[in-house]
Amino acid sequence: MHGEYKVPGGKLVVVDLDVEGGALCKVRVAGDFFLEPDDAILAIDAALEGAPAHTDTAGLAARIDAALPASTVMLGLTSEGVAVAVRRALAHATEWSDYDWQLIHEAPQSPALHMALDEVITAEVAAGRRPPTLRVWEWASPAVIIGSFQSLRNEVDPAGAERHGITVVRRISGGGAMFVEPGNTITYSLSVPDSLVSGLSFADSYAYLDDWVLEALGDMGIKAWYQPLNDIATDAGKIAGAAQKRVVGGEGAVLHHVTMSYDIDADKMLDVLRIGKEKLSDKGTRSAKKRVDPLRRQTGLTREAVIERMIDSFRTRHGLTRGNVTDEEMARAEELVATKFGTEEWTARVP
């Protein structure tokens with residue numbers, strides 16, 4: 001059995017092992033991490049040898065910690081990271097390189113249609129009819145997207161939304177409200193097979209699926225990091241928030257979508273969202289009299305250039321070919337707009 005896991009902000013850990021009599025055996029840990037002293041790697045292997053195959057991540061990490069010499073120094077490596085790689089091996093997890101990734105980046109579309117496309121495309125990945133897909137959104141109009149379980153009246157000021165011509169839609173994933181304007185945010189979705197995150201906790205899957213974009217930002221000179229549970233942050237504050245939805249059916253799939261602040265009008269956002277000062281400061285500004293513009297300011301690049309750099313970074317790391325929404329997928333998405341995402345019943349399902 002073979003498992004791989006890139007430690008968030010760290011290095012790749014690779015584990016090869018067998019299971020005999022319900023216990024781990026022939027365990028070999030490798031990777032591009034740094035570890036001192038040299039024989040600490042043998043202590044890690046020995047600590048995992050004979051461990052019950054049902055041992056959880058915390059239990060495996062505890063075995064490793066107990067076996068390591070007191071002088072051990074790990075760089076780009078953690079005992080938890082090794083344990084996750086073990087669990088992924090046992091779960092027969094797949095890797096990014098196992099797939100032919102497809103890119104969808106099309107003309108601007110309505111907020112409700114974006115919600116529907118996320119559901120349809122992820123269901124297609126779950127059913128095995130579509131390869132894992134990176135979809136970059138373009139917005140036809142400004143919008144507020146509330147989480148699946150948020151109260152509509154608690155999150156949105158209807159008078160402010162009407163005043164600024166802003167559509168309110170509800171997505172299928174949890175999490176908080178997003179304020180978006182065409183040209184001022186960068187939103188993308190990953191629709192991936194469930195096996196890609198096998199062996200990961202729900203929380204770990206966020207970091208795992210965000211890692212490529214942290215590297216892409218690093219390529220643009222931005223030091224960014226994953227901030228549990230679902231944020232991406234820099235020294236300028238939060239620059240992005242992620243949300244996920246597990247989709248059943250077929251082999252199963254995960255929808256992981258992220259909205260990044262390129263250049264947001266904070267005054268308008270406050271006029272539309274019922275948002276407190278603490279939340280506003282978390283988005284990178286303490287005053288409503290300024291814009292939330294971490295990506296524009298930190299990169300000095302146009303929004304289009306940032307997106308192209310992100311796509312190029314993904315392609316370099318994992319491979320990526322251009323695709324499109326099929327006619328069948330679009331028809332189903334438009335039907336979902338009419339019956340679900342564009343209806344008051346769905347938008348106000350939590351009043």
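**Exercise 1.** In this predicted model, how many bridges join strand 8 to strand 9, and do the two run parallel or antiparallel?

*Solution.*
Step 1. Find strand 8 at residues 143-146 and strand 9 at 167-170.
Step 2. Count the links: four bridges join the two strands.
Step 3. Check the direction: strand 8 and strand 9 run parallel.
Step 4. Pick out one pair: Val 144 has Val 168 of strand 9 as its bridge partner.

**Exercise 2.** Work out which strands stand at the edges of the sheet.

*Solution.*
Step 1. Write down the strand order, which is 9-8-10 in an open sheet of three strands. The pairing is mixed.
Step 2. Look for strands with a single partner: these are strand 9 and strand 10 (178-180).
Step 3. Conclude: both are edge strands, so each has one side without a neighbour in the sheet.
Step 4. Add the twist, which averages 20 degrees from one strand to the next.

**Exercise 3.** Find the helix that lies across strand 8 and strand 9.

*Solution.*
Helix 4, residues 111-126, lies across both strands. Its angle to strand 9 is about 15 degrees.

**Exercise 4.** Describe how helix 2 packs against helix 3.

*Solution.*
Step 1. Locate the helices: helix 2 covers residues 57-67 and helix 3 covers residues 79-90.
Step 2. Take the geometry: the angle is about 130 degrees, and the axes lie 8 Å apart.
Step 3. Classify: the two helices are therefore oblique to each other.
Step 4. Give the handedness: helix 2 passes helix 3 in a right-handed crossing.
Step 5. Name contact residues: helix 2 supplies, among them, Leu 60 and Ile 64, while helix 3 supplies residues including Val 82 and Arg 87.
Step 6. Sort the contact residues: seven are nonpolar, two polar and three charged.

How values were computed
Residues numbered from 1 in each chain as written. Predicted model: local features only at pLDDT ≥ 70, side-chain atom pairs only at ≥ 80, totals over all residues. Heavy atoms only, no water. Axes fitted to C-alpha atoms, helices over the stretch in contact; angles between N-to-C directions. Parallel < 35°, antiparallel > 145°, perpendicular 65-115°, else oblique. Left-handed = near helix turned anticlockwise from the far one by under 90°. Contact = heavy atoms within 4.5 Å. Nonpolar A, V, L, I, M, F, W, Y, C, P; charged D, E, K, R; others polar. Pairing = 2+ DSSP bridges.
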